[in-house]
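Subject: Structure for your review

Dear colleague,

Please find below the structure I agreed to pass on to you. My notes on it follow directly after.

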Amino acid sequence: MTPGLMQTTPLMISGILNYAARAHAGREIVSRLIDEPLWRYDYAGLARRAAQAAHALRRLGVASGDRVSSLAWNTHRHLELFYAVPGIGAVLHTANPRLFDEQIVYTINHAESRVLFYERNFAALVERIAPHLTTVKTFVMLSDAERTIPGAVGAIGYETLIAGEPEAIDWPVFDENAGAFLCYTSGTTGDPKGVLYSHRAVVLHAMAGGLNSAFGFTAFDVVLPCSSLYHATAWGLPFTAPMCGAKIVLPADRMDGASLHALIQGEGVTFTGGVPTIWTMYLDWLDKTGQRPDSLKRVVIGGSAVPRAMAETFKRRYGVQTLQIWGMTETCPIGVVATPTPALAALGEEAMDEAIWTRQGRLQFGIELRVETEDGQEAPWDGETSGALLVRGPWVVRRYFRKEADAARPDGWFDTGDIATLDANGFMRITDRQKDVIKSGGEWISSIDLENVAVGCPGVKIAAVVGVPHPKWEERPLLVIEVHEGSAVGKDEVLAYLAPRIVKWWTPDDVVFAAVPLTATGKIDKKVLREAWRSHLMG
Ligand code: ADP
């Protein structure tokens, strides 16, 4: 080998902020807050306040390698912590406020955080959990001075904390493999597991997100992340947007149709992203009010399968392109993104849409994919043979935080727990999660495929399919439906809708109407459903 002779500048998250403050200083950042007026500043302002927060953290005794937790929404203050905490070499653990109290306590204690930053409307939550937090020394309320609740735990307000600190800082440069963010999986099975993102992983992932094969931002884009900052760093949008000079609009916790629409229209949002449940609500709201999202061009949707009907409505009714992504906390999270290619375009628009809307996305540079059949062989890339989906790459987990054993196999592949197919164009399709697959008489039925069809039936808001025990077939599919308000759709209509669209033996053994429970990350909680309906088909 002849050693390369180029500089080995480490990839630092602070480098993104330095860049944006130079190259896009005046590009705006707008943030909703719980009950304060809309906040407006720019990348230069973000750099100044992140520097102040960094100085304040050091004053609190936070040193390189320490962990700091946040319980916070998508706001500019949380964004400042996204740069301040890793900027000084500490690790930001973005706790998920939608977990149960015990799980939140578990993650903060497991992270051994020294400081907890929390949103004012979590004051009651923090009061409940504070006695159980074993390592937190300082509590800071993300609030201005006037609204900081006297007597609340800690009761230092963020604005008071950073006021008076210098607005400039020389961000330290250190090993790019140092930890930056600690994100826990939602723990639907067992305790939540910590995934510790490195600076290198975050920077490379953000660059990949900016590519045209993924989100493809330009400096003209206005980005509204509706994916939570606490869930896999909002898909890296807080880093990809400044790298590209895009304006950022932050919605706080207000994801209802009217609030989102006000921001989209008011700020000229061109790009937004979030889990399907948010877009179900938003499309519903648009339909009811007859409003249109004028500036919106693209919406990235992932976290669970995107119903075909959702992508179709966005495009045909509102001219908005849907980019489905598949990913997980363990992959930072971008794995695949569904963007067009010339090969698909050559098939004509309808065929291209069909191909894109029915797949999770295509292979991206930086992530390797492999589908393995039960005998451990690589499945052909034929779009048909399904098996365990494995991933490998510089932003894929190697080992969980404070665990002995590696999460990835010795050959680097990480088993995602999903079942998928890959096709000759590099498109991946998830057919199920390993634990959700329905085994009927030894044959597999894809719960996701069934849900995607069922949700297209008029009147259906959420369709969930689970395998429940059956006396003859081991398991059979049960379809649980939550209807749109005022809809009178019944079992017969749903079955009639499914009949021409699915193979006969996939027909659900029953259709029941009930509220569909969601997990802390907005996915259908199939564990709860399976438990609730386990005896339903046993007679
Ligand atoms: P949690 O902590 O809720 O498990 P993750 O975001 O890590 O949150 O969940 C990752 C899982 O979500 C994936 O393994 C996959 O099963 C599912 N998922 C993510 N995106 C999609 C998608 N576009 N289609 C189908 N399933 C998806």
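Does Cys457 count as buried or exposed, and at what relative accessibility? Cys457 counts as buried, because its relative accessibility is 4%. Please bear in mind throughout that this is a predicted model.

Cysteines

The structure holds zero disulfides. Cys183 accordingly takes part in none, and the nearest cysteine sulfur, which belongs to Cys332, is 7.7 Å away. A disulfide would require the two sulfur atoms to be within 2.5 Å. Cys183 also counts as buried, because its relative accessibility is 1%.

Ligand site

The shell around the ligand contains 17 residues, of which Ile325, Thr329, Asp418, Thr521 and Lys523 come nearest. By class, these shell residues divide into four nonpolar, 10 polar and three charged. Strand E14, residues 321-327, gives the most to the shell, with four residues.

Several side chains place polar atoms beside oxygen atoms of the ligand. For Asp418, a polar side-chain atom lies 2.6 Å from a ligand oxygen. For Arg433, the corresponding distance is 3.0 Å. In the case of His231, an N or O atom of the side chain is 3.4 Å from an oxygen atom of the ligand. Taken alone, the ligand exposes 570 Å², and the protein buries 94% of that area.

Thr521, one of the residues that come nearest to the ligand, is located in the loop between strand E25 (510-513) and helix H17 (526-532). Thr521 counts as buried, because its relative accessibility is 10%. Leaving aside neighbours within four places in sequence, Thr521 is in contact with Asn96, Ser186, His231 and Val275. His231 therefore appears in two roles here: its side chain has an N or O atom 3.4 Å from a ligand oxygen, and His231 is in contact with Thr521, a residue buried at 10% relative accessibility.

Glu330

Where does Glu330 lie? Glu330 is in the loop between E14 and strand E15 (334-337). Although its side chain is charged by class, Glu330 counts as buried, because its relative accessibility is 7%. Not counting residues up to four places away in sequence, Glu330 touches Thr185, Val195, Trp395, Val396, Val397, Tyr400 and Phe414. With Tyr400, the side chain of Glu330 makes a side-chain polar contact of 2.8 Å. These two residues are 70 residues apart along the chain, and their C-alpha atoms are separated by 8.9 Å.

Two helices

Helix H10 spans residues 257-267, and its buried residues are Gly257, Ser259, Leu260, His261, Leu263, Ile264 and Glu267. These buried residues pack against four strands and a helix: E1 (28-31), E2 (39-42), E10 (222-225), E11 (247-250) and helix H11 (276-289). Gly268 follows H10, and its phi is positive, near 70 degrees.

In helix H14, residues 349-357, the buried residues are Met352, Asp353, Ala355, Ile356 and Trp357. The packing partners of these buried residues are helix H12 (308-318), E14, helix H13 (342-345) and strand E20 (427-433). E14 thus connects this part of the account with the ligand site, where E14 gives four residues to the shell.

Yours sincerely

How values were computed:
Residues numbered from 1 in each chain as written. Predicted model: local features only at pLDDT ≥ 70, side-chain atom pairs only at ≥ 80, totals over all residues. Heavy atoms only, no water. Near = heavy atom within 4 Å. Polar contact = N/O pair within 3.5 Å; in protein donor to acceptor, adjacent residues only side chain to side chain. Areas by Shrake-Rupley, 256 points an atom, 1.4 Å probe, with all protein chains shown as cover. Buried < 20%, exposed > 50% of the residue type's maximum accessible area, 1.4 Å probe, protein only. Contact = heavy atoms within 4.5 Å.
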